[in-house]
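Welcome, and please open your viewer. We will go from one selection to the next and look at what is there.

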Amino acid sequence: MISNLKDKVLIGQQEQARSALQLLNDLAIPGLALFVTDDKRKIVGSVTDGDIRRALLAGAGMETILAEIANKKFRFLSEGKNDNLLLESFRKLNIRFVPVLNEEHFLTSLIDLEKVRGILPVEALLMAGGKGERLRPLTENLPKPLLKVGEMPIIERNIERLASYSVQRFHISLGYLGDKIESFLGDGSKYHSKIDYIREDVPMGTIGALKLAKGIEKDVVLIMNSDLLTNIDFADFYNYFESSDADMVMATVPYHVDVPYAVIETDDGQVVTSFTEKPRYTYYSNAGIYLLKKKLIDLIPDGQKFDATDLMELVIAKKLKLKSFPIVGYWLDIGRMEDYNKAQEDIKHIKF
């Protein structure tokens, strides 16, 4: 979520300390800094009430111009630099508002770290076309993505969480009762985002609708089932995708198999070489969340059902790089009534 304060926090370097204090007082937002501009509106420094207070203690007056008070070594993020580690360092310094500057040092946006968890330079596709037949009668007149978990529909919860990682454009694939989803979510403006809708005239599988998405501009796309309840750290997920130089990354969840008996191992002569009492085996399953390079869309066929597993098989066959990202937090696929009931209880205790 990018702050809408961008145009309110600029102040000219010839303005006096008094004017800056008055503006900070009028805005009345904890942790706010003003960004000092030259006569071309380029950012040349920042000023907080603390900066002004220290200047006054050092002998400045209320009429002192901001050019003499501004912090010239202020911290900022360069436009197009999606450095989540840098944002975390700002957070540890108790910096709340981070300016994003372009190469000419003009302010392009303002990040509120109380609302923004990280930066994902992606577009997101949420799959919301399923009928939710295993959740009947709840889904007889309501699409599964609009079922509430706690006080909020599950799809809205996922949109808000992705928006908190600065995702600003969503593509939502609709099928069963899709008009109700579009009516509820609208154009995305209430989430400070833009939502485009894809209508599946026939079921397109778990990733086929990506071929129908129009005007994807980002080089990376995040695909996610809309009915998942998870607190996956999307910044870690993206950082892993980028650092591993993968073409596609699949989020995974552990699946444990407990054997209730001792398991033995034998050699070719059936001589027992070892045994393990009631072992647990851990496997990793597909979590329904993916990051992939935009170029992979070309591998998806037109006008036919195509699943994410089909795409992964093609990625492997073409010797492209497919990686796995284990989710260490909470994950639940709300597909059955018992899952839905579990989600209602879990939402009270899990930190999202």
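In which sense do strand β5 and β6 pair, and over how many bridges? Select residues 97-101 to light up β5, and you will find the antiparallel sense, over five bridges. Keep in mind along the way that this is a predicted model.

**The sheet.** Now add the neighbours. β4, β5 and β6 form an open sheet of three strands in that order, with mixed pairing. Its edges are β4 (77-78) and β6 (107-112), each of which pairs on one side only. For a landmark in β6, click Asp 112: Phe 97 stands opposite it.

**A loop residue.** Next, select Glu 79, which sits in the loop between β4 and α3. Show its surroundings and you will see that Glu 79 touches Val 100, Leu 101, Asn 102 and Thr 108, leaving aside residues up to four places away in sequence. Try a distance to Ser 109 too: the two C-alpha atoms are 8.7 Å apart, although the residues are 30 places apart along the chain.

**Helix α3.** Move on to residues 84-92, helix α3, and colour its buried residues: Asn 84, Leu 87 and Phe 90. They share one side of α3 because they span an arc of only 110 degrees around the axis. Turn the helix around, and on the other side you meet Leu 85 and Lys 92, both exposed. What lies over the buried residues? The cover includes β4, β5 and α6 (234-243). Just past the end of α3, stop at Asn 94, which takes a positive phi of about 65 degrees.

**Aromatic pairs.** The structure holds six aromatic pairs. One of them joins Phe 35 and Phe 74, a tilted pair with 6.5 Å centre to centre and 55 degrees between the planes. Phe 35 belongs to strand β2 (residues 34-37) and Phe 74 to the loop between α2 (49-57) and β4, so the pair ties together parts that are 39 residues apart in sequence. Both of these residues are buried.

Another tilted pair is Phe 237 with Phe 325, at 5.1 Å centre to centre and 45 degrees between the planes. This pair links distant parts of the chain, 88 residues apart: Phe 237 is in helix α6, and Phe 325 is in strand β18 (residues 322-326). Phe 237 and Phe 325 are buried.

Now select Phe 35, Phe 74 and Phe 76 together; ring pairs link them into a cluster.

**Last stop.** Finish at Phe 184, where Lys 190 lies over the face of the ring, 4.6 Å from its centre.

Conventions
Residues numbered from 1 in each chain as written. Predicted model: local features only at pLDDT ≥ 70, side-chain atom pairs only at ≥ 80, totals over all residues. Heavy atoms only, no water. Pairing = 2+ DSSP bridges. Helix = DSSP H or I, 4+ residues; strand = E, 2+ residues; numbered from the N terminus. Buried < 20%, exposed > 50% of the residue type's maximum accessible area, 1.4 Å probe, protein only. Arc of directions from axis to C-beta. Contact = heavy atoms within 4.5 Å. Phe/Tyr/Trp six-rings, centres within 6.5 Å; stacked < 30°, edge-to-face > 60°. Lys NZ or Arg CZ within 6 Å of the ring centre and 35° of its normal.
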